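Grab your viewer and work through a few exercises on helix packing, burial and contacts. Try each task yourself before reading the solution.

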Amino acid sequence: MDETEFWELVDAAREAAEGDPEEQADVLVDRLLRLDPDLVLDFARHFEARYNRAYTWDLWGAAWVLLDGASDDAFDFFRCWLIGQGREVYEGAVHDPDSLADLLGDFDEELDGDGEELGYAADEAYEQLTGTVAPDLGIAPARAEPEDTPLDFENARVLAERYPRLWERFKE
């Protein structure tokens, strides 16, 4: 599976689920079940690589603004949700987290921003297909700490200066 096929699966599942992250995970599992187990592992590698790439302080700060706070777990689930938004939103956010203010349509912090189930979709599909737990994906493990310089998430001035468009749209 190449990168284009990965994003096509993500997009098709999101569209079929009409943006509902939990439904998107269910649709994704159903679609992965139509594939060979090795392709499911390829999908998992693509997902995990993007999940790890999004582990930055800068993106965590954007999640903090969007979600009105983001614990370690909430940021993990946010990164899964971000992948589920598709290539354009994901790449834009990784490159410039403040661009989420322009890339996102309606955002409801009670419904959006949590894609925990998306993070398990490939594992679930693989297990259903093979009856076994997915093997190690053979990719580099995630960093122990996010990349970039840590931000003071409790300082509204710091967040407003770092994420002016997100702050204006979601905090003011």
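Helices here are DSSP runs (H or I) of at least four residues, numbered from the N terminus. Keep in mind that this is a predicted model.

**Exercise 1. Place Ala156 and decide how exposed it is.**

Step 1: With that definition in hand, Ala156 belongs to helix α9, which covers residues 156-162.
Step 2: Buried means under 20% relative accessible area and exposed means over 50%, with partly exposed in between. Ala156 comes out at 40%, so it's partly exposed.
Step 3: For a distance check, pick Lys171, which is 15 residues away from Ala156 in sequence. The C-alpha to C-alpha distance of this pair is 9.7 Å.

**Exercise 2. Work out how α3 and α8 are arranged relative to each other.**

Step 1: What do you need to describe the pair? Two packed helices are described by the angle between their axes and the distance between the axes.
Step 2: Helix α3 spans residues 37-53 and helix α8 spans residues 121-130; their axes are 9 Å apart, at an angle of about 165°.
Step 3: Angles over 145 degrees count as roughly antiparallel, so α3 and α8 are roughly antiparallel to each other.
Step 4: As for handedness, α3 and α8 make a left-handed crossing.
Step 5: Now list who meets whom. From α3 come Pro37, Val40, Leu41, Phe43 and Ala44, and from α8 come Ala122, Ala125, Tyr126, Leu129 and Thr130. Sorted by type, the residues of this α3 and α8 contact give nine nonpolar, one polar and no charged.

**Exercise 3. Do the same for α1 and α3.**

Step 1: Helix α1 runs over residues 3-16, and its axis comes within 10 Å of that of α3, with a crossing of roughly 85°.
Step 2: The range from 65 to 115 degrees counts as roughly perpendicular, so that's the verdict for α1 and α3.
Step 3: On the α1 side you'll find Glu3, Phe6, Trp7, Leu9 and Val10, which meet Phe43, His46, Phe47 and Arg50 of α3. The tally for the α1 and α3 contact is six nonpolar, one polar and two charged.

**Exercise 4. Is His46 buried or exposed, and what does it touch?**

Step 1: His46 sits in helix α3. Its relative accessibility is 16%, so His46 counts as buried.
Step 2: Skipping residues up to four places away in sequence, His46 touches Met1, Asp2, Glu3 and Phe6.
Step 3: Zoom in on Met1: its backbone oxygen is 3.0 Å from a polar atom of the His46 side chain.

**Exercise 5. Find what surrounds Ile83.**

Step 1: Ile83 is part of helix α5, residues 72-84. At 0% relative accessible area, Ile83 is buried.
Step 2: Again ignoring residues up to four places away, Ile83 touches Phe6, Trp7, Val10, Phe47, Arg50, Tyr51 and Tyr90.
Step 3: Compare a pair spanning 64 residues in sequence: the C-alpha atoms of Ile83 and Glu147 are 18 Å apart.

**Exercise 6. Which backbone nitrogen does the side chain of Asp98 reach?**

Step 1: Look in the loop between α6 (87-95) and α7 (100-103), where Asp98 is located.
Step 2: With 4% relative accessibility, Asp98 counts as buried.
Step 3: Leaving out neighbours within four places in sequence, Asp98 is in contact with Arg162, Tyr163, Pro164, Arg165 and Leu166.
Step 4: The nitrogen belongs to Leu166, reached by the Asp98 side chain at 2.9 Å.

Terms used. Residues numbered from 1 in each chain as written. Predicted model: local features only at pLDDT ≥ 70, side-chain atom pairs only at ≥ 80, totals over all residues. Heavy atoms only, no water. Axes fitted to C-alpha atoms, helices over the stretch in contact; angles between N-to-C directions. Helix = DSSP H or I, 4+ residues; strand = E, 2+ residues; numbered from the N terminus. Parallel < 35°, antiparallel > 145°, perpendicular 65-115°, else oblique. Left-handed = near helix turned anticlockwise from the far one by under 90°. Contact = heavy atoms within 4.5 Å. Nonpolar A, V, L, I, M, F, W, Y, C, P; charged D, E, K, R; others polar. Buried < 20%, exposed > 50% of the residue type's maximum accessible area, 1.4 Å probe, protein only. Polar contact = N/O pair within 3.5 Å; in protein donor to acceptor, adjacent residues only side chain to side chain.
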